[in-house]
Amino acid sequence: MASSMAIKTLATSRSPLTKSLSSLVRLVPLSTKSDDDDAIPTAGISRPLSDILKELNKKVPDSLVKLRNEDGFSMKYIPWHIVNRIMNLHAPEWSGEVRNITYSADGKSVSVVYRVTLYGTDAEIYRESTGTASVDDTGYGDPVQKAEAMAFRRACARFGLGLHLYHEDLL
C-alpha cells in the first residue's frame, strides 16, 4: 500500500519529471485499480524476473535523459535518482549495496563496486559494476558519491535499464 500511495502522490505533482515518470508507470501492466479516475496502474510486487527485465529494457523517455560535456565529449546519462525511481516502479523489491571502495595507489581517484539485486517470483539475480571518480574533481558531490552513482547506473544498465544510451549511434 505504501508504494501505491507514493505513486498516487507522484501522479498529483505537476513537474515535467513527474509527468515523464508517470508515463513510465503506465507502461506497467495493471494489477490493481482504485475507484479514483486519476489512479495510475502499478505492477504487482511479485512478478517473474522475465517480466521485470522486459520493463527495464524499454527505452527511457528522452525527457529523463541528461547531457554532460567532459573533455570535449558529450555523453547522455540518466541521473542516479531517476534510475532509482525507475527501479522502484518496475522492480519494487530490488536492493543495492556498495561492495567495495578502493582508492588508487597515487590517491588521485576512487573506485566503487556496486551490486544491484532483483527479486522475482521465480528467482533472484544480481549484477555488479564499477564507477571511478577523480579525487580532484570539484564538481557537485564528493568523489565516493560520484563513483557510487556511476557504479549504480552501470549495474542497472547490465539489467537493460538505459542500455540504449550506450549504442544509440548503432540504431
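I take a polar contact to be a pair of N or O atoms within 3.5 Å, where, within protein, one atom must be able to donate a hydrogen and the other to accept it. With that in hand I looked up K59 in this predicted model, and I found that its side chain and that of D62 are joined by a polar contact of 2.9 Å.

**Entry 1: K59 and its surroundings**

I placed K59 in the loop that runs between helix 3 (49-56) and strand 1 (66-70). Its relative accessibility came out at 47%, and K59 is therefore partly exposed, since that class lies between 20% and 50%. I then asked how far apart K59 and H164 are in space. The two are 105 residues apart in sequence, yet their C-alpha atoms are 6.6 Å apart.

**Entry 2: the chain as a whole**

Before going further I noted the general layout, which comes to 5 helices and 5 strands. Following the sequence, I read the pattern as α-α-α-β-β-α-β-β-β-α. Of the 171 residues of the chain, 34% count as buried. I also looked at contacts with a separation of 6 or more, and 53% of those in the chain are between residues 24 or more positions apart.

**Entry 3: confidence**

I checked the confidence values and found a mean pLDDT of 80 for the chain, with 71% of its residues at 70 or more. Where is confidence lowest, and where is it highest? Helix 1 (residues 2-12) has the lowest mean, 39, whereas strand 3 has the highest, 98. I marked two stretches in which pLDDT stays under 50: residues 1-19, for which the model has 17 contacts beyond four places in sequence, and residues 22-37, for which the model has 34 such contacts.

**Entry 4: the two hairpins**

I turned next to strand 1 and strand 2, which pair in the antiparallel sense over 5 bridges. Within this pairing I noted that N69 stands opposite S74 in strand 2. The hairpin has 2 residues between the strands, and in it D71 takes a positive phi near 50 degrees.

For strand 3 (residues 95-103) and strand 4 (residues 109-119), which also run antiparallel, I recorded 8 bridges. Which residue of strand 4 is the bridge partner of E97? I found that it is R115. In this hairpin 5 residues lie between the strands, and G107 has a positive phi near 75 degrees.

**Entry 5: S111 in strand 4**

I stayed with strand 4 in order to look at S111, which is found there. S111 has a relative accessible area of 25%, so I entered it as partly exposed, a value between the 20% and 50% limits. Leaving out residues up to four places away in sequence, I listed N100, I101, T102, G131 and T132 as the residues that S111 touches. With one of these, T132, S111 shares a polar contact of 2.8 Å between side chains. I also looked up S111 and T130, which are 19 residues apart along the chain, and their C-alpha atoms are separated by 6.6 Å.

**Entry 6: the largest pocket**

I then examined the largest pocket, whose volume is about 1,100 Å³. It is lined by 31 residues, of which R68, Y77, K146, M150 and R153 are the closest to its centre. Which element supplies the largest share of the lining? Helix 5 does, with 8 residues. At least two lining residues each come from strand 1, strand 2 (73-77), helix 4 (80-90), strand 5 (124-134) and helix 5 (143-157).

**Entry 7: two residues of helix 5**

I finished with R153 and K146, beginning with R153, which is found in helix 5. Is R153 buried or exposed? Its relative accessible area is 16%, and R153 is buried because that value is under 20%. Leaving aside neighbours within four places in sequence, I found R153 in contact with R68, Y77, I78, P79, W80 and V83.

K146 also has its place in helix 5. Its relative accessible area is 18%, which is under 20%, so I entered K146 as buried. With neighbours within four places in sequence again left aside, the contacts of K146 are with A133, D137, G139, Y140 and G141.

How values were computed. Residues are numbered from 1 along each chain as its sequence is written. Side-chain values use heavy atoms; hydrogens and water are left out. Two strands pair if DSSP finds at least two bridges between them. Helices (H or I, at least four residues) and strands (E, at least two) are DSSP runs, numbered from the N terminus. pLDDT is the predictor's confidence in each residue, from 0 to 100. Contact means heavy atoms within 4.5 Å. Buried means under 20% relative accessible area, exposed over 50%, partly exposed in between (1.4 Å probe, protein chains only). On a 1 Å grid over the protein atoms alone, a cavity is a set of points where a 1.4 Å probe fits but cannot get out, and a pocket is an open set with protein on both sides within 12 Å along at least five of seven lines; lining residues have an atom within 4 Å of a point. Grid points are joined across faces, edges and corners, and a volume is the space filled by probe spheres set on the points.
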